[in-house]
Amino acid sequence: MRKILFLFSILLAMVSCVSNPTYVEQEGATLKTIRVKVQLDEWSYTQQGTTDQFNNNYFYAGFNVPEINKEVFDYGEVKAYAVFDRQYASKARKHLLPYVLHVEEQNNYGEWIYFTETYDFTYGLGWVEFNFRTSDFAYEDNVNINPPAMEFDIVITYPQE
């Protein structure tokens, strides 16, 4: 009976820890959010010629971000979010990158096709690059397929002094 009570008390303590999270605030952190809009015509494609077709190509859009300096690169943090429907408060949402969306749609022949869309980003000193690819690589066969205009938020956390 003692063992059962002991195990029950441990279980109760574990459950109470999970249901009552504690939050630690860090004073002095400096954050900066930069909004970036990638227009439809700002996406570039990695395929340069006809010989490098079918080589896992993707779309990208690069931007200068001088706020990402050496101090931020070495000791800070940079995150990016895909932003959807910002102008509609009830629908507005952000997705931390990388963001993977599973898609199903009917093609022109009435057949269902399934694929994923992946939004990602990379950064370096003074720049960021957003990437877009689909798992079916349909744009390899049809160069008229292009990613939509997109909005992103870049959040920079500067290191504390």
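Which residue in strand 3 is the bridge partner of Tyr45? In this predicted model, that partner is Phe59. The pair belongs to the contact between strand 2 and strand 3, which is described below together with the rest of the fold.

The chain holds two helices and nine strands. Read from the N terminus, the elements follow the order α-β-β-β-α-β-β-β-β-β-β. Of the 161 residues, 29% count as buried. Contacts across the sequence are frequently long in range: among those between residues at least 6 apart, 60% join residues at least 24 apart.

Five strands form an open sheet in the order 2-3-8-7-6, and their pairing is antiparallel. Strand 2 (44–45) and strand 6 (99–106) stand at the edges. Each has a single partner strand, so one side of each is left without a neighbour in the sheet. Strands of a sheet pair through backbone hydrogen bonds, in either a parallel or an antiparallel sense.

At one edge, strand 2 pairs with strand 3 (residues 59–64) over two bridges, in the antiparallel sense. Ser44 stands opposite Tyr60 of strand 3. Tyr45 has Phe59 as its bridge partner. On its other pairing, strand 3 runs antiparallel to strand 8, and six bridges join the two. Ala61 is bridged to Phe130 in strand 8.

The side chains of strand 3 alternate. Phe59, Ala61 and Phe63 point to one face and are buried. Tyr60, Gly62 and Asn64 point to the other face and are not buried. Thus both bridge partners Phe59 and Ala61 carry side chains on the buried face.

Strand 8 also contains Phe132. The relative accessibility of Phe132 is 4%, so this residue counts as buried. Phe132 and Trp43 are 89 residues apart along the chain, yet their C-alpha atoms are separated by 8.9 Å.

Thr116 lies in strand 7. Its relative accessibility is 19%, and Thr116 therefore counts as buried, the limit being under 20%. Beyond its neighbours within four places in sequence, Thr116 is in contact with Val100, Leu101, His102, Arg133, Thr134 and Ser135.

The largest nonpolar core has 26 residues. Those with the most contacts inside it are Val38, Trp43, Leu97, Phe130, Phe152, Ile154 and Ile156. Two or more residues each come from strand 1, strand 3, strand 4, strand 7 (112–124), strand 8 (127–134) and strand 9. Ile156 has contacts with several parts of the sequence. With neighbours within four places left aside, its partners are Thr30, Leu31, Lys32, Ile34, Val65, Glu67, Ile68, Val72, Glu77 and Val78.

The second largest pocket has a volume of about 170 Å³. Strand 1 (30–38), strand 4 (77–84) and strand 9 (150–158) are the elements that give two or more residues to its lining. The lining consists of Lys37, Val38, Gln39, Val83, Phe84, Asp85, Arg86, Gln87, Ala149, Met150 and Glu151. By class, five of these residues are nonpolar, two are polar and four are charged. Val38 is found both in this lining and among the core residues with the most contacts.

Asp85, one of the lining residues, lies in the loop between strand 4 and strand 5. Its phi is near 55 degrees, a positive value in a residue other than glycine. Asp85 counts as partly exposed because its relative accessibility is 27%.

Two further loops were examined. Pro98 is found in the loop between strand 5 (93–96) and strand 6. A cis peptide bond joins Leu97 and Pro98, with omega at about 5 degrees. Leu97 is also one of the core residues with the most contacts.

Asn146 lies in the loop between strand 8 and strand 9. At 34% relative accessibility, this residue counts as partly exposed. Its contacts, apart from neighbours within four places in sequence, are Leu40, Trp43 and Phe59. The C-alpha atoms of Asn146 and Tyr45 are separated by 9.0 Å, although the two residues are 101 apart along the chain. Phe59 thus serves as a contact of Asn146 and as the bridge partner of Tyr45.

Definitions and conventions
Residues numbered from 1 in each chain as written. Predicted model: local features only at pLDDT ≥ 70, side-chain atom pairs only at ≥ 80, totals over all residues. Heavy atoms only, no water. Pairing = 2+ DSSP bridges. Helix = DSSP H or I, 4+ residues; strand = E, 2+ residues; numbered from the N terminus. 1 Å grid on protein atoms, 1.4 Å probe; cavity = no way out; pocket = protein on both sides within 12 Å on 5 of 7 lines; lining within 4 Å. Points joined across faces, edges and corners; volume = space filled by probe spheres on them. Nonpolar A, V, L, I, M, F, W, Y, C, P; charged D, E, K, R; others polar. Core = buried A, V, L, I, M, F, W, Y, C linked by side-chain atoms within 4.5 Å. Buried < 20%, exposed > 50% of the residue type's maximum accessible area, 1.4 Å probe, protein only. Contact = heavy atoms within 4.5 Å.
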